[in-house]
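Here is a friendly walk through a two-chain model, meant to be read with the structure open beside you. Take a look at it first, and then we can go through it together.

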Protein chains: 2
Amino acid sequence: MNKPEVVAKIFQGRAFVPSLEGAEAFAPINIALCKYWGKRNTAINLPAASSLSVSLPSKGTRTYIKVIETAEDKIFLNGQSLDASLDFSKKLTDFLNLFRYEARGFEVHTESNIPISAGLASSASGFAALVLALDKLYNWRLSRSQLSILSRLGSGSACRSLWTGFVEWQAGQDAEGMDSHGVPLTDTWPDLCLGLLVFAEAQKAISSRVAMQHTVATSPFYKTWPSVAAADLATLKQAIALKDFEQLGFVSEANAMAMHALMLSARPSVLYARPETVSTQHAIWAARNQGLSLYFTQDAGYNLKLLFLEPQRAEIEALFPHCETVKPFVK
Amino acid sequence: MNKPEVVAKIFQGRAFVPSLEGAEAFAPINIALCKYWGKRNTAINLPAASSLSVSLPSKGTRTYIKVIETAEDKIFLNGQSLDASLDFSKKLTDFLNLFRYEARGFEVHTESNIPISAGLASSASGFAALVLALDKLYNWRLSRSQLSILSRLGSGSACRSLWTGFVEWQAGQDAEGMDSHGVPLTDTWPDLCLGLLVFAEAQKAISSRVAMQHTVATSPFYKTWPSVAAADLATLKQAIALKDFEQLGFVSEANAMAMHALMLSARPSVLYARPETVSTQHAIWAARNQGLSLYFTQDAGYNLKLLFLEPQRAEIEALFPHCETVKPFVK
């Protein structure tokens, strides 16, 4: 099973004519509380375990796409034309090849209000927005679950960016991945705050994809990860249902640290930590030891995302002046 | 089986009279290349896996001990009298109770040329020197292996500080731990250099003992550690036999990072990293990517120990001006 076969299965031989005026869509970034780390199928991005995220509706990617006369794609990021040889362009063109019904190029304008490739889930919102825009462009009228599957082919975690709120990416069991997509939780949590602490906007030295594959291939502890993720996911869903913030924070932080532990145990190690990362982690733990209800999560990058509730917001923003607070459930 | 029973088994009911003038001994610190992390028996410090170290004969502890008239122990560290309520004093007195034939105190003078409780193996050299001094004080005439077992009762890794050079701590299988002691390797490696990089001489916030027990109790990955350590130990012994420095360095570093990964995956995490720790790790990896043959190991503390060979010494000391180079096989 490869990506074109998944696409063919979803479209069942139907053909589509693009809208002449193009189409535009937005998708949010999502921050995983139970991480996606490792694939059971690398060709079509099927995960080794289910994961769980919360979307940040004010942060993400807006994408405009139209079909053009020239054969080459024209790709723009935040207003700037990108050379076709760049990784960003190649990934986009590769993905668009799945939906290129004629030998014609696409013009794609991507506007993102988050740094690219800095561990802030930019590729997740990017592929989700692109798939939503393609759905409009071609008038596919696919279900959100089907769009989630198509987004997954671009970047695994993109399949969670089709919704706001809490989203579970169910790993599924189907060899073709037709049951491996996002499923939104109905719970809301208006007091929940995420605090973005961006230390490094520069691109990571090692991409998440490479770090993930290297971890799976070389970490002696990786084989235990799927059971850790499954247990954490169940605890997090219970914490969300019961609005038990201490449990949500503790398990989110522990799950993130387990993922980083796997990377540290890869041979050679992958260490997504800069001096600011560890000094901030120690500061968070010190504040927590003083009684502050504050946790964090960390993706495959140097930055941290604080987890706290509205009543603690003022105190936490005073402690971490660079923290940008985002409330997932408040527009 | 508890500590007094192990001591009774070794001495078989023999009684000893202390020398009136006291006795003095020195033991080196040892740096583990395959780490000791986790116990199969906490009462008598039996390890979950075998480990391997190299001793640094110029760094360590010199201990003088004599029996005094008063009942209370008098403990001095680097010339300063220590209060009996300090952890250092309590650990020493507890250990000395194993060898107190009359209700009389000991006067103990400990001189150490390394920081205490900073991840520099000070307790290993301390207990080894103390046991060597007791052997002289009482004229026990025990074998090195027996002294190694007694040292182990004070601090597990102390059992490797009874020798210079490479020392394997064989985990053993005996429930009483009579086969769990150091065994020196005959190999020497005159070109081998260890570079001590001390960022923090202050005591660690969390002791190795507490971090180890917390890891064993809460890390979801710990169950894999004994097999990781066994495989690394075999590879390191092969690297030493073949003088394959790349293999020695790579596996030593990976084994240390696997231990730190376990701590990171404990719940909550234990992170022995300060800003200088991670910036130096990145600097080491950058130098290695440039072709320099340089590795490191890290114990349960913030400091790093560089591993390199004499031909690279000048270049490495220029890159890391605070590095104190020690050659384990050169007096």
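Let us begin with a sheet in chain B. Strand E10 (residues 192–197) of chain B is joined to E12(B) by 6 bridges, and the two strands run antiparallel. Two strands count as paired if DSSP finds at least two bridges between them. Helices (H or I, at least four residues) and strands (E, at least two) are DSSP runs, numbered from the N terminus. If you want one pair to find on screen, B:Leu196 has B:Lys305 as its bridge partner in E12(B).

Before going further, a word on the model itself. This is a predicted model, in which local features need pLDDT of at least 70, side-chain atom pairs count only at pLDDT 80 or more, and totals for chains, interfaces and linings use all residues. Residues are numbered from 1 along each chain as its sequence is written, while chains are lettered from A and ligands numbered from 1 in the order in which they are written.

Back to the sheet: strand E11 (residues 295–297) of chain B also pairs with E12(B), through 3 bridges and again antiparallel. Here B:Phe296 has B:Leu306 as its bridge partner in E12(B). E11(B) and E12(B) make a hairpin, with 6 residues between them. Why is strand E12 of chain B largely enclosed by the rest of the structure? Strand E12 spans residues 304–309, and 5 of its 6 residues are buried, so the rest of the structure largely encloses it. A residue is buried if 20 or more other C-beta atoms lie within 10 Å of its own, exposed if 12 or fewer, and partly exposed in between, with C-beta atoms placed from the backbone.

In chain A, a helix offers another covered element. Helix H4 (residues 144–154) of chain A has 8 buried residues out of 11. Among them are A:Leu147, A:Ile149, A:Leu150 and A:Leu153, along with A:Arg152. The buried residues of H4(A) pack against helix H1 (3–11), helix H2 (87–96), helix H3 (122–138) and strand E9 (182–184) of chain A.

Now zoom out to the domains. Chain A is divided into domain 1 (3–184) and domain 2 (192–326), with bounds that come from an automatic or database domain assignment. Their C-alpha centres lie 25 Å apart. The contact between them takes 22 residues from domain 1 of chain A and 34 residues from domain 2 of chain A; two residues are in contact if their C-beta atoms, placed from the backbone, lie within 7 Å. On the domain 1 side, strand E1 (23–34) and strand E4 (51–67) of chain A are the elements that give two or more residues. E4(A) provides the largest share of that side, 5 residues.

The two chains also meet each other. In this interface, 21 residues of chain A are in contact with 21 residues of chain B. The elements of chain A that give two or more residues to its side are helix H7 (245–265) and helix H8 (275–289), and H7(A) gives the largest share, 7 residues.

The table sets out the make-up of these two contact sides.

| Contact side | Nonpolar | Polar | Charged |
|---|---|---|---|
| Chain A, touching chain B | 13 residues | 6 residues | 2 residues |
| Domain 1 of chain A, touching domain 2 of chain A | 14 residues | 6 residues | 2 residues |

For these classes, Ala, Val, Leu, Ile, Met, Phe, Trp, Tyr, Cys and Pro count as nonpolar, Asp, Glu, Lys and Arg as charged, and the others, Gly among them, as polar.

How do the copies relate? Chain A can be laid on chain B with an RMSD of 0.0 Å by a turn of 180 degrees and a shift of 0.0 Å along the axis. The two copies are therefore related as by a two-fold rotation axis. The same surface serves both copies, as 100% of the contact residues of chain A recur in chain B. Copies are superposed by least squares on the C-alpha atoms of residues with pLDDT of at least 70 in both.

Finally, some backbone details. A cis peptide bond, with omega about 0 degrees, joins A:Arg267 and A:Pro268, and A:Pro268 sits in the loop between H7 and H8 of chain A. In chain B, a cis peptide bond joins B:Arg267 and B:Pro268, with omega about 0 degrees.

B:Gln12 is not a glycine, yet has a positive phi of about 50 degrees. B:Gln12 lies in the loop between helix H1 (3–11) and strand E1 (23–34) of chain B, and is exposed, with 6 other C-beta atoms within 10 Å.
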